[in-house]
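Here's a quick briefing to read alongside the sequence and the coordinates. Have both open and follow the residue numbers as you go.

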Amino acid sequence: MKAFVFSEPYKTEWREVPEPVLAEPYGAILSPVAVCACTSDVHTVFGGGKPKQTNHVLGHECVAKVVKTGAQVKDFKAGDIVAVPAITPDWRAVASQEGCERHAGEHFSGHRLGRTIPGVFAERFAIPDADTTLAHIPQGVTLKQALMCVDVMTTGLTGAEYAEINTGDTVCVLGIGPIGLMAIAGAAHMGAARIIAVGSRPKCVEAAKLYGASDVISYRDGDVVERVLAMTSGNGPDCVVIAGGGDEVFTQAVDMVKYGRGVISNVNYYGGDGALAFPKFSGGRGMAGKTIHTELAKGGRARIERMLKMVEYGRIDPEPLVTHTFYGFENIEKAFLLTKEKPADLIKAAVIINEVDL
Ligand SMILES: [Zn+2]
């Protein structure tokens, strides 16, 4: 079968790869119905840091049709259209029972698709454990909405959740790509009063306002820390969600977040090696009472079904994030390249492989 493969650093290609093997008795084989390219795919191919597994099928954002299930799979059958979480923890691991499901065994172990097991940019792919992984799509939820739930929405909301937002808080969201936009939507739902979004691409600024940003400021209009402090009477925001940017955003977050109770939630990826700078002065020389959380998106079936429920009941509509739509399996490469180029009007590039009724 055909697949879009990360062949070596800085290189991708279409390749004939072996058919996936059904993992008995809990696994499933699926065929993608719609997929999305992601900045994480771009990082895998073009990112620096530790060498990644090459000759590997890319892709982890997908709505798919179940082709075949293992003998013990109870809740899914061939023909079902399901949302496939980007993060697919091994819920049978003991570490998962202790709350470490995203890092059970080794760090990032929950990010398997397109990383440690073949991804979704193939004619078919396998999931090791269908009942704990796949998510039913409620009636009324569109294909694009479901596609936005599997990674973007859960990651953005993970960012908002770890920021420990209380009713009436001022929240600053650094980065307004798809993840930052969903962090804004999450913050609004969690009771933030004021949401200061930092970013500049016009399409994203428009979406930031749509999802609940009260102010949008640009990195290009001067020092972000100074401006956020000035906007908050010198106190800084109660919470900062880092959802994009280079190494400097980490330092900016520590610089700006409120002393004594400020919480920073990082769902941003920092490429390359080395260390992030923790500013000693604004960090109170290690005693500022500023909390820093770093996390990977929550995944698995229950989490994605919760995201889908937020869509079903009209709380968040992630469909406007899809700014570019391609049709046909062969256009996965175009969506991937567009995500790498990041034109001004791009938020997410989806590929509809089969138009299906949900
Ligand atoms: Zn992704």
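Y10 is exposed, because just 9 other C-beta atoms fall within 10 Å of its own, and the cut-off for exposed is 12 or fewer. Y10 sits in the loop between strand 1 and strand 2, and its phi is positive, about 70°, although Y10 is not a glycine. Keep in mind that this is a predicted model. The rest of the briefing goes through the other backbone oddities, then the helix packing, then one buried residue with a partner far along the sequence.

**Other backbone oddities**

- R285 also has a positive phi without being a glycine, at about 50°.
- You'll find R285 in the loop between strand 13 (263-266) and strand 14 (291-294).
- R285 counts as exposed because it has 9 other C-beta atoms within 10 Å.
- The peptide bond joining E24 and P25 is cis, with omega at about 0°.
- P25 belongs to the loop between strand 2 and strand 3 (28-36).
- G212 comes right after helix 6 and has a positive phi, near 125°.

**Helix 1 and its buried side**

- Which residues of helix 1 (residues 39-46) are buried? They are S40, D41, T44 and V45.
- These four cover an arc of only 135° around the axis, so they lie on the same side of helix 1.
- That spacing has a simple background: an α-helix has 3.6 residues a turn, so residues three or four places apart point the same way.
- The buried residues of helix 1 pack against strand 1 (2-8), strand 2 (11-16) and helix 10 (332-341).

**Helix 4 against helix 9**

- Helix 4 and helix 9 (residues 301-312) have axes that come within 9 Å and cross at roughly 120°.
- Helix 4 is therefore oblique to helix 9.
- The handedness of this crossing is right-handed.
- On the helix 4 side the contact uses Q145, A146, C149, V150, M153 and T154, and these meet R303, I304, M307, L308 and V311 of helix 9.
- Sorted by class, the contact of helix 4 with helix 9 has eight nonpolar residues, two polar and one charged.

**Helix 4 against helix 5**

- Helix 4 (residues 143-162) packs on helix 5 at an angle of about 55°, and the axes are 7 Å apart.
- That angle is why helix 4 counts as oblique to helix 5.
- Here too, the crossing is right-handed.
- Helix 4 brings V152, M153, T155, G156, L157, G159, A160 and E161 to the contact, while helix 5 brings P178, I179, G180, L181, M182, A183, A185, G186 and A187.
- By class, the residues where helix 4 meets helix 5 are eleven nonpolar, five polar and one charged.

**Helix 5 against helix 6**

- How do the axes of helix 5 (residues 178-189) and helix 6 (residues 202-211) cross, and what is the angle? They come within 8 Å and cross at roughly 15°.
- The two helices are therefore roughly parallel to each other, since angles under 35 degrees count as such.
- Helix 5 and helix 6 make a right-handed crossing.
- L181, I184, A185 and A188 of helix 5 make the contact with C204, A207, A208 and Y211 of helix 6.
- Eight nonpolar residues, no polar and no charged ones make up the contact of helix 5 with helix 6.

**The buried side of helix 6**

- C204, A207, A208 and Y211 are buried in helix 6.
- They span an arc of only 110° around the axis, so they are on the same side of helix 6.
- Besides helix 5, the buried residues of helix 6 pack against strand 10 (194-198) and strand 11 (215-217).

**T133, a buried residue with a distant partner**

- T133 is part of helix 3 (residues 130-133).
- Is T133 buried or exposed? It counts as buried because it has 26 C-beta neighbours inside 10 Å.
- T133 and G300 are 167 residues apart in sequence, yet their C-alpha atoms are 4.8 Å apart in space.
- Leaving out residues up to four places away in sequence, T133 touches P85, T88, I127, G300 and R301.

How values were computed. Residues are numbered from 1 along each chain as its sequence is written. This is a predicted model: local features need pLDDT of at least 70, side-chain atom pairs count only at pLDDT 80 or more; totals for chains, interfaces and linings use all residues. Axes are lines fitted to C-alpha atoms, for helices over the stretch in contact, and angles run from 0 to 180 degrees between N-to-C directions. Angles under 35 degrees count as roughly parallel, over 145 as roughly antiparallel, 65 to 115 as roughly perpendicular and the rest as oblique. A crossing is left-handed if the near helix is turned anticlockwise from the far one by less than a right angle, and right-handed if clockwise. Two residues are in contact if their C-beta atoms, placed from the backbone, lie within 7 Å. Ala, Val, Leu, Ile, Met, Phe, Trp, Tyr, Cys and Pro count as nonpolar, Asp, Glu, Lys and Arg as charged, and the others, Gly among them, as polar. A residue is buried if 20 or more other C-beta atoms lie within 10 Å of its own, exposed if 12 or fewer, and partly exposed in between; C-beta atoms are placed from the backbone. The arc is that of the directions from the helix axis to the C-beta atoms.
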